[in-house]
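I opened the notebook to record what I looked up in this structure, going from the overall fold to single residues.

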Amino acid sequence: MVQVNEYFGGKVKSLAITANGNKATVGVMQQGEYDFNTGLKEIMTVVSGSMSVKLPTASDWQDFTAGQKFEVAANSKFQLKIPADVSYLCEFIA
C-alpha cells in the first residue's frame with residue numbers, strides 16, 4: 001500500500017512504499033531549509049535539482065546534484081538547504 005506523507009506545512013511531500021522488506025520514499029521538496037531526524041539509516045538520492053546537506057558529523061555543507069547520493073546514520077539529525085524545487089528517493093535500511 002502506498003502511503004502519502006506531508007511535512008513542513010506541505011513543502012515536503014513523499015509517497016512511501018515497502019519493497020523487499022525495506023521502506024522507501026520518493027518525494028519533492030520546495031525551496032527552503034529543513035531539519036530531519038532519522039530512525040533508521042537512510043540513503044538519499046537526488047533525482048532532479050540539487051540540495052546542500054550538513055551531515056551529522058560534518059562541520060561543512062556539501063552539495064549534491066541529480067544522480068548523487070549520501071548516507072545518514074540511524075538515530076541522527078541532518079540539515080538541508082534546497083535552493084529550488086528538488087525530487088529525491090530515500091531508502092531506509094534496517
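Before noting any surface figure, I wrote down that accessible areas come from the Shrake-Rupley method with a 1.4 Å probe. The model I am reading is a predicted one.

**Entry: surface and charge.** I looked up the exposed surface and found that the protein exposes about 5600 Å², of which carbon and sulfur atoms supply 50%. Of the 94 residues, 35% count as buried. For the charges, I noted 8 positive and 9 negative side chains, with the centres of the two sets lying 3 Å apart.

**Entry: fold.** I then went through the secondary structure, which comes to zero helices and ten strands, so that the pattern along the sequence reads β-β-β-β-β-β-β-β-β-β. The radius of gyration is 12 Å, close to the 12 Å that the globule rule gives for 94 residues, so the protein is as compact as a globular protein of that length. Along its principal axes the C-alpha trace spans about 35 × 25 × 25 Å. Among contacts with a separation of 6 or more, I recorded that 61% are accounted for by residues 24 or more positions apart.

**Entry: nonpolar core.** Which residues have the most contacts inside the largest nonpolar core? I found that this core has 19 residues, and that those with the most contacts inside it are Met29, Met51, Val53, Phe70, Phe78 and Leu80. The elements that give two or more residues to it are β4 (32-37), β5 (41-48), β6 (50-54), β8, β9 and β10 (86-93), and β10 gives the most, with four residues. I set beside this the general remark that in soluble globular proteins nonpolar side chains tend to be buried together.

I followed Phe78 further and, not counting residues up to four places away in sequence, found that Phe78 touches a list of residues including Tyr34, Phe36, Met44, Val53, Leu55, Phe70 and Val72. Polar or charged names also appear in the list for Phe78, among them Asp35, Thr38, Glu42 and Lys54.

**Entry: strand β8 and the loop after it.** Glu71 lies in strand β8 and counts as partly exposed because its relative accessibility is 47%. Leaving out residues up to four places away, Glu71 touches Lys41, Glu42, Ile43 and Leu55. I also checked Glu71 against Leu15, and the two are 56 residues apart in sequence and 20 Å apart in space, C-alpha to C-alpha.

Ala73 is found in the loop between β8 (69-72) and β9 (77-82), and at 47% relative accessibility Ala73 counts as partly exposed. Beyond its neighbours within four places, Ala73 is in contact with Thr38, Leu40 and Lys41, while the C-alpha atoms of Ala73 and Pro56, 17 residues apart along the chain, are separated by 8.1 Å.

Is Ser76, in the loop between β8 and β9, buried or exposed? Ser76 counts as buried, because its relative accessibility is 14% and the cut-off for buried is under 20%. Its contacts beyond four places in sequence are Phe36, Asn37, Thr38 and Pro56.

**Entry: positive phi values.** Asn75 lies in the loop between β8 and β9 and counts as exposed at 67% relative accessibility; its phi is near 55°, a positive value in a residue other than glycine. Phe8, in the loop between β1 (3-7) and β2 (12-19), has a phi near 50°, again a positive value in a residue other than glycine, and Phe8 is partly exposed with a relative accessible area of 38%.

Conventions: Residues numbered from 1 in each chain as written. Predicted model: local features only at pLDDT ≥ 70, side-chain atom pairs only at ≥ 80, totals over all residues. Heavy atoms only, no water. Rg over C-alpha atoms; globule rule 2.2 N^0.38 Å. Buried < 20%, exposed > 50% of the residue type's maximum accessible area, 1.4 Å probe, protein only. Contact = heavy atoms within 4.5 Å. Lys, Arg positive; Asp, Glu negative; His and termini not counted. Charge placed at Lys NZ, Arg CZ, Asp CG, Glu CD. Core = buried A, V, L, I, M, F, W, Y, C linked by side-chain atoms within 4.5 Å.
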